[in-house]
Structure formats: structure tokens, C-alpha cells
Amino acid sequence: MDFLKNAKRRSVMSEVIYMALNIALAIALLFVVRSTGSLLPALALVLLSKWRVLAVRPRYWFVNIQANMVDFIVSISLVIFLLTTNSANIDDGQKLLVQVIITLVHVIWLLFIKPRSKRAFIVTQSAVALFLGVAATYTVAFDWPDILIVAIMWVVGYSTARHILTNYDESHIIFLSIVWGLVIAEIGWLAYHWTIAYRLPIVQNILLPQVAIIVMCVGFIAYKAYDSYFHNQKIRTNDIILPLLFTVSVIAVLVLAFNSVSTGVV
């Protein structure tokens with residue numbers, strides 16, 4: 001009985017330490033961005049916090065990196081948003097408020113979304129990484145070479161697809177992930193030549209790229225179609241009709257109604 005009590009006590013203590021370290025990481029990133037105004041120190045801190053990925057034999061590094069890519073994408077994307085807010089031409093109090101909100105989002109990700117292993121959470125993790133990864137890319141890289149944008153989009157697409165497929169009994173994970181990465185890369189290439197972004201209501205200087213919303217909608221359809229095929233050996237109309245109508249409606253509204261009030265970057 002004493003052994004069980006001690007084990008339980010150690011488990012609770014480990015959980016408390018885990019939560020404290022993750023909260024400290026999110027707060028530290030906020031302070032680093034606000035004090036330095038540079039991406040590199042914050043990026044170094046993110047990479048340092050993932051030291052366990054490489055704390056194995058070198059032959060397992062690539063596998064571990066792939067398994068943690070979704071977390072990398074989310075963390076780096078949130079750092080980019082912190083940095084973007086830091087350089088925005090707005091009142092410092094408003095700037096701090098937005099950065100605190102971003103930090104709280106990071107804490108929620110680290111404590112309540114990232115550690116979960118149920119399929120619903122796995123899908124949520126991939127969706128968050130897909131949306132934030134694309135949004136962050138077009139927030140800072142709109143004037144980068146197109147080949148670099150396409151490569152980043154492929155990595156985001158490949159990583160998010162692989163993250164979901166590993167939760168299924170799928171024998172073609174690599175192939176399907178590569179295909180989805182190519183789809184996202186193609187969308188990224190098209191968006192590179194006509195990037196449209198929407199001003200957020202709270203902070204007018206921060207823009208939300210239209211392509212992030214479109215990619216999320218397309219990803220939603222792709223996931224529902226795959227899930228239907230996996231469980232029924234065919235794509236059932238009833239499983240995808242509502243998601244399809246929703247996606248088409250959202251994209252139609254974005255393209256037809258909101259382009260005139262958007263900020264476009266060619």
C-alpha cells in the first residue's frame with residue numbers, strides 16, 4: 001500500500017511539474033519575443049524545449065522528428081504571431097493583450113490538446129497545425145521565393161496528414177501523406193501569386209490569410225472522405241454531403257463576397 005501511495009504521489013508530482021514547465025515555456029517565449037523582437041532566440045528556445053526528440057540513438061531521430069512535426073508547426077507558428085504582434089503599429093497595451101491571448105492559446109495547446117491520444121484530439125491537433133502553419137507562413141513569407149513557400153506548404157501538408165493517418169490502421173501512410181502534401185503545396189503555389197488576407201477586428205495591423213481558411217476547408221473534406229472510405233470501403237454520400245456543402249459555401253463567400261474588402265498581395 002505504501003508503494004502504491006508513493007507511486008501515485010510521484011505521478012501527481014510529475015504531472016504538476018509537466019504543467020509548470022509548459023506554462024513557463026509559453027511565458028518565456030512571450031518575454032523573449034517582447035525583449036528581443038527577433039525570431040531566432042524564440043525559435044532556439046522552442047527547439048531547446050524539444051530536446052527529448054533527439055535524446056535517443058541517431059537512427060531514431062528522423063522518426064521522432066516526424067512524430068513531433070505537428071507540435072513544432074504549432075509552436076513555431078504561435079511564435080511568429082507573437083513576433084508579428086510585437087512589430088505591429090498599435091498601442092503597447094493592446095499589443096500586450098493580444099500577445100497574452102496568443103500565449104494562453106499556446107498553454108491550452110501544450111496542456112490540453114497536444115498530450116491527448118484519442119482520435120478526435122489527433123484530428124484536432126492536425127487541424128490546428130494545418131491552419132496555424134499556413135497562416136503563419138503567409139504572414140511572414142509573402143515576399144519569399146515561391147519554391148520556399150511551396151516546400152513549407154508541403155511539409156505542413158505531409159506532417160498533418162501523417163499525424164492523422166498514424167491513428168488509423170493504414171498501410172499506405174507515407175504515400176497518402178506525400179499526396180496530401182502535394183495538394184497543399186499546389187494550393188500554396190496558387191496562393192503565392194494572389195495572396196488575400198483579412199484584417200482582424202481586434203488588431204487591424206494583423207492579417208488573416210485567406211488561403212489558411214481555404215486549406216482548412218479542403219482538409220476537412222479530405223478527412224471526412226478518408227474516414228468514410230476507411231470504415232465503409234467506399235465514400236458514402238451521406239458522410240460528406242454536409243461537409244462538402246459547408247466547404248463550398250465558405251469558399252464561395254470568401255471568393256465572391258470578401259475579396260473586395262480584403263488586402264491583396266500579388
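The exercises below work through a pocket, a helix pair and several single residues.

This is a predicted model, in which local features need pLDDT of at least 70, side-chain atom pairs count only at pLDDT 80 or more, and totals for chains, interfaces and linings use all residues. Residues are numbered from 1 along each chain as its sequence is written, and side-chain values use heavy atoms, with hydrogens and water left out.

**Exercise 1. The largest pocket**

Task: State the volume of the largest pocket and describe its lining.

Solution.
- Step 1. Fix the term. On a 1 Å grid over the protein atoms alone, a pocket is an open set of points with protein on both sides within 12 Å along at least five of seven lines. Lining residues have an atom within 4 Å of a point.
- Step 2. Take the volume. The largest pocket has about 630 Å³. A volume here is the space filled by probe spheres set on the grid points.
- Step 3. Find the centre. The lining holds 24 residues, and Ile164, Gly219, Ala222, Tyr223 and Tyr226 are the closest to the pocket centre.
- Step 4. Assign elements. Helices H6 (119-140), H7 (146-165), H8 (173-193) and H9 (210-232) each give two or more residues to this lining. A helix is a DSSP run (H or I, at least four residues), numbered from the N terminus. H9 gives the most, with 9 residues.
- Step 5. Sort by class. The lining has 19 nonpolar, 4 polar and 1 charged residues. Asp, Glu, Lys and Arg count as charged; Ala, Val, Leu, Ile, Met, Phe, Trp, Tyr, Cys and Pro as nonpolar; the others, Gly among them, as polar.

**Exercise 2. H7 against H8**

Task: Describe how H7 and H8 pack.

Solution.
- Step 1. Choose the descriptors. Two packed helices are described by the angle between their axes and the distance between the axes.
- Step 2. Read the values. H7 and H8 pack at about 145°, with axes 7 Å apart. Axes are lines fitted to C-alpha atoms over the stretch in contact, and angles run from 0 to 180 degrees between N-to-C directions.
- Step 3. Give the hand. The H7 and H8 crossing is right-handed. That is, the near helix is turned clockwise from the far one by less than a right angle.
- Step 4. Classify the contact. H7 with H8 involves 17 nonpolar, 5 polar and 2 charged residues.

**Exercise 3. The loop between H7 and H8**

Task: Are Thr166 and Tyr168 buried, partly exposed or exposed?

Solution.
- Step 1. Set the cut-offs. Buried means under 20% relative accessible area, exposed over 50%, and partly exposed in between (1.4 Å probe, protein chains only).
- Step 2. Place both residues. Thr166 is in the loop between H7 and H8, and Tyr168 is in that loop too.
- Step 3. Apply the cut-offs. Thr166 is at 42%, so it is partly exposed. Tyr168 is at 5%, so it is buried.
- Step 4. Add a distance. Tyr168 and Asp227 are 59 residues apart along the chain, and their C-alpha atoms are separated by 9.1 Å.

**Exercise 4. Two buried helix residues**

Task: Locate Gly157 and Thr85, and find a partner for each.

Solution.
- Step 1. Gly157 lies in H7. Gly157 is buried because its relative accessible area is 0%.
- Step 2. Gly157 and Gly219 are 62 residues apart in sequence, but 9.2 Å apart C-alpha to C-alpha.
- Step 3. Thr85 lies in H4 (residues 69-86). Its relative accessible area is 0%, so Thr85 is buried.
- Step 4. A polar atom of the Thr85 side chain lies 2.8 Å from the backbone oxygen of Phe81.

**Exercise 5. Gln233**

Task: Where does Gln233 lie, and is it buried or exposed?

Solution.
- Step 1. Gln233 is in the loop between H9 and H10.
- Step 2. Its relative accessible area is 59%, so Gln233 is exposed.
- Step 3. Check the backbone. Phi of Gln233 is near 60°, a positive value in a residue other than glycine.

Conventions
1 Å grid on protein atoms, 1.4 Å probe; cavity = no way out; pocket = protein on both sides within 12 Å on 5 of 7 lines; lining within 4 Å. Polar contact = N/O pair within 3.5 Å; in protein donor to acceptor, adjacent residues only side chain to side chain.
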